[in-house]
Amino acid sequence: MGRKMVVLVAITVGLLVGERGGVAVFADEPKALQAIPEVLTLDKAVELALSNHPSLRVASGTQAINEALVGQAQAGFYPQVSAQSGYQRTTANPTRNFTGSPLPRSTRGDTFGYYQNNVTLNQLLYDFGTTKSQVDTARFNLQAANANAETTVQTVVINVQQAYFSLQQAQRLVKVNEEALTQFKQHLDLARGRFKAGVAAKVDVTTAEVDLSNAQLNLITAKNNALVARVTLNNAMGIQTAVPYRVQDPVLPEPYQVSLDEAVARAMRLRPEMISQRAQERAAEAAIKAAQGNFFPTVTSSANYSYNGVEFPLVYNWSVAGTVNIPIFSGFLTKQQVAQARANLLKTKANGDVLGQTILLEVNQALLNLEAARERLKLTAVTVEQAKERLALVEGRYKAGLSNAVEVTDAEVALVTAQTNDVVAMSSYQAAKAQLDRAMGIITPLRSSS
């Protein structure tokens, strides 16, 4: 099941990134909400998120914009053709002749028509790489947008994972508190029986009643936390539903070992933020070349064909021309544009250094948190067994009249605390494992128990 989820996520990222940075299939409208099963697996939760979360449509929309910008930049390589057709009705009252001598005033209002038809073609021949640099800039920006889209996918996946583990924890804590409530009820019944038999004091009954009330309050809180956790998971999946469902209980996690050097190397190679950063730096370098191109001449050619006249048949004319545009002085505009582009490159590289430090910190923290969670999980499992054994011994002593209600209460509370700690430790380990995967740029959810 875990391998199936890896394939699903890989396909999704492929649709987002594509060979040419193609637009994701969910860029236009969200898909119809799939039916939510009664028992929701982690794989299914991620699948629902990848199909419905609006942030993915935002990311694919950004990709589409950047792909269109590449096409706009490439337009400079192609001929620019325009056509014009018109008809003009005008008067021709003379004011002077060609020698400059006055003519008799004429305002007869006679008019004539003039037909005008033109086709013009312009073609850039050479601009010292300015247009090519503009295209390169747009392409690198598209690569950055593709990597950012993958970052969005990974963010959606990790948010679903964390919300799923939180709901797992909330559901298990409901069970723990339900078992505790049953245990406190049994203790109250035992205390009442012993009080009626005259072998226990009234305080034992009162203590058991207080413990039962507290257990009821804890159960109410646990159930509410489960409802809130379900709403949070719905939000992480990008859906709205009132359909009740539950998530699978966790299984004992498989051993997971990775060194710090290996984890950092993976992160620097796989993190889409780093891929985006490298593309942004290349885009900034290309932007410098594009700005520098404005220092140099541009060579263009043009052709024009006209078919004009006052009456039919109209008269045609054509022309072909070549032009060299030489920039001489632009008020230091080009110089400042180059300076801006260079400063932007320095800023982009500095952002890369900051990103590298952030990733290094995230990987270190994730590794430390995973190791601590692993140790806590080992300890809490032992603590639960010890607490169960203690409670059994104390209950036996209480039934035999060798213990009091306070000792029983302490043992019961200790068991609930141990079970709660064990539940939290399991969820913390799963969350830490998922966070380490995310820190390394790996988007493989933990394997579900089915």
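**Note on the predicted model: loops, patch and overall fold**

1. Phe332 sits in the loop that links strand 6 to helix 8, the helix spanning 333-399. The model is predicted, and the remarks below should be read with that in mind. The backbone at Phe332 deserves a look: phi is positive, about 65 degrees, and the residue is not a glycine.

2. A second phenylalanine belongs in this discussion. Phe128 has phi near 60 degrees, again a positive value in a residue other than glycine. Its place is the loop between strand 3 and helix 4, where helix 4 covers 130-196. Is Phe128 buried or exposed? Neither label applies: its relative accessibility is 40%, so Phe128 counts as partly exposed. The class runs between the 20% cut-off for buried and the 50% cut-off for exposed.

3. Next, a cis peptide. Which bond is cis? The bond from Phe312 to Pro313, with omega near -5 degrees. Pro313 is a loop residue, placed between strand 5 and strand 6.

4. Those two strands also contribute to a surface feature. Strand 5 (298-308) and strand 6 (315-325), along with strand 3 (111-126), each supply at least two residues of a nonpolar patch. The patch members are Val81, Val119, Leu121, Tyr305, Tyr307, Tyr316, Trp318 and Val320. Together they have about 840 Å² of accessible area. Which strand gives the most? Strand 6 does, with three residues.

5. Val81 is the patch member to check in strand 2, which runs over residues 80-91. Why does Val81 count as exposed? Its relative accessible area is 57%, and the class begins over 50%.

6. Now the whole chain. The secondary structure comes to nine helices and six strands. There are 450 residues, and 40% of them count as buried. The exposed area of the chain is about 25,200 Å². Carbon and sulfur atoms supply 57% of that area.

7. Contacts complete the overview. Take the contacts between residues at least 6 apart in sequence: 81% of these join residues at least 24 apart.

8. Points to inspect on screen. For backbone geometry, view the cis bond from Phe312 to Pro313, then the positive phi values at Phe128 and Phe332. For the surface, view the nonpolar patch, including Tyr316, Trp318 and Val320.

Definitions and conventions
Residues are numbered from 1 along each chain as its sequence is written. This is a predicted model: local features need pLDDT of at least 70, side-chain atom pairs count only at pLDDT 80 or more; totals for chains, interfaces and linings use all residues. Side-chain values use heavy atoms; hydrogens and water are left out. Patches are made of residues with over 30% relative accessible area and no salt bridge: like charges are joined within 9 Å, nonpolar side chains (Val, Leu, Ile, Met, Phe, Trp, Tyr) within 5 Å. Accessible areas come from the Shrake-Rupley method with a 1.4 Å probe; for residues, only the protein chains shown count as cover. A salt bridge is a side-chain nitrogen of Lys or Arg within 4 Å of a carboxyl oxygen of Asp or Glu. Helices (H or I, at least four residues) and strands (E, at least two) are DSSP runs, numbered from the N terminus. Buried means under 20% relative accessible area, exposed over 50%, partly exposed in between (1.4 Å probe, protein chains only). Contact means heavy atoms within 4.5 Å.
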